[in-house]
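Colleague: I'm new to this one and would like a slow walk through a single part of it. Could you pick up one strand and show me how it sits among its neighbours?

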Amino acid sequence: MIKKEEVYKIGRLGKAHGVKGEVSFLFDDDIFDRVDADYLVLEIDGILVPFFMEEYRFRSDVVALVKFCDVDSQERAAELTGCNVFFPRRLAEEDDAPTLASLVGFDLVEANSGKKVGAIAHIDDSTANLLFELEDGRLVPASDELIEHINTKERTIIMQIPEGLLEL
């Protein structure tokens, strides 16, 4: 059984495309193309299920058409519409640099004190300045100048957090 902490969300499936079982895939992270992966993990009724990819092709820089094994009709593809798509963290670690989406769930640690500030619940990229949104709702700027180290094995990010920022 696949556990939530073993994967991270990279997108969502859209509508069925054509009659042979292809489905549109709106992705936030193209890790599935950069790392040798045979499958993606779909969340179906709250259960994480691996789906092996037969093939995929890009329609744009945020949409791909995916053909999954054993999904061979428009009706079967339509059943997958709206499913969240996840990628295995262990495969993502093979890539040189972690992606923003893969940082969700990492613990943020203040560099000077060594104290855990909180866990990252969301990456806000809606503005020019990236923000880590912590589980308690606090926002921390995700600036390269503030990040000292990212440890993918321990799932921590060591940051120099400006004094008083966390009290806002």
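Modeller: Here is a close look at strand S6, followed by the parts around it. Keep in mind that this is a predicted model.

Let's start with where S6 belongs. Six strands make a closed barrel in the order S1-S2-S5-S4-S3-S6, and the pairing is antiparallel. On average, neighbouring strands of this sheet are turned by 50° against each other, if you ignore direction. As a reminder, strands of a sheet pair through backbone hydrogen bonds, either parallel or antiparallel.

Now, the strand itself. S6 covers residues 84-88, and one of its partners is S3, residues 39-44. Those two pair in the antiparallel sense over two bridges. If you want landmarks to click on, Val41 stands opposite Phe86 in S6, while Leu42 stands opposite Val85.

S1 also pairs with S6: five bridges join them, and they run antiparallel. Here, Val7 stands opposite Pro88 in S6, and Lys9 stands opposite Phe86. So Phe86 is a handy residue to keep on screen, with Val41 opposite it in one pairing and Lys9 opposite it in the other.

How much of S6 is buried? Five of its five residues are, so the strand is largely enclosed by the rest of the structure. In a regular strand the side chains alternate between the two faces of the sheet. In S6, Asn84, Phe86 and Pro88 are on one side, with Val85 and Phe87 on the other. Both faces are covered, and each of these residues is buried, which here stands for under 20% relative accessible area.

From S6 you can step along the barrel to S1 and carry on to S2, residues 22-27. S1 and S2 pair in the antiparallel sense, again over five bridges, and His17 stands opposite Glu22 in S2. The two strands form a hairpin with four residues between them. In that turn, look for Gly18, which has a positive phi of about 75°.

Going the other way takes you to S3. Just ahead of that strand there is a loop, between helix H1 (31-34) and S3, and Asp38 is found in it. Leaving aside its neighbours within four places in sequence, Asp38 is in contact with Phe51, Phe52 and Met53.

Back at S1, there is a pocket worth seeing. S1 (7-17) and strand S8 (116-124) each supply at least two residues of the lining of the largest pocket. That pocket has a volume of about 480 Å³ and is lined by 18 residues. Nearest its centre lie Lys9, Asp28, Ala101, Val104 and Ile123. You've met Lys9 already, as the residue opposite Phe86 in S6. The lining divides into eight nonpolar, two polar and eight charged residues.

S8 brings in another sheet, an open one of six strands in the order S10-S9-S8-S7-S12-S11, with mixed pairing. Strand S10 (139-141) and strand S11 (147-151) stand at its edges with a single partner strand each, so one side of each is left without a neighbour in the sheet. Neighbouring strands are turned by 35° against each other on average in this sheet, direction ignored. Within it, three bridges join S7, residues 107-110, to S8, and this pair runs antiparallel. Leu108 stands opposite Gly118 in S8, if you'd like one last pair to find.

Notes:
Residues numbered from 1 in each chain as written. Predicted model: local features only at pLDDT ≥ 70, side-chain atom pairs only at ≥ 80, totals over all residues. Heavy atoms only, no water. 1 Å grid on protein atoms, 1.4 Å probe; cavity = no way out; pocket = protein on both sides within 12 Å on 5 of 7 lines; lining within 4 Å. Points joined across faces, edges and corners; volume = space filled by probe spheres on them. Nonpolar A, V, L, I, M, F, W, Y, C, P; charged D, E, K, R; others polar. Pairing = 2+ DSSP bridges. Axes fitted to C-alpha atoms, helices over the stretch in contact; angles between N-to-C directions. Buried < 20%, exposed > 50% of the residue type's maximum accessible area, 1.4 Å probe, protein only. Contact = heavy atoms within 4.5 Å.
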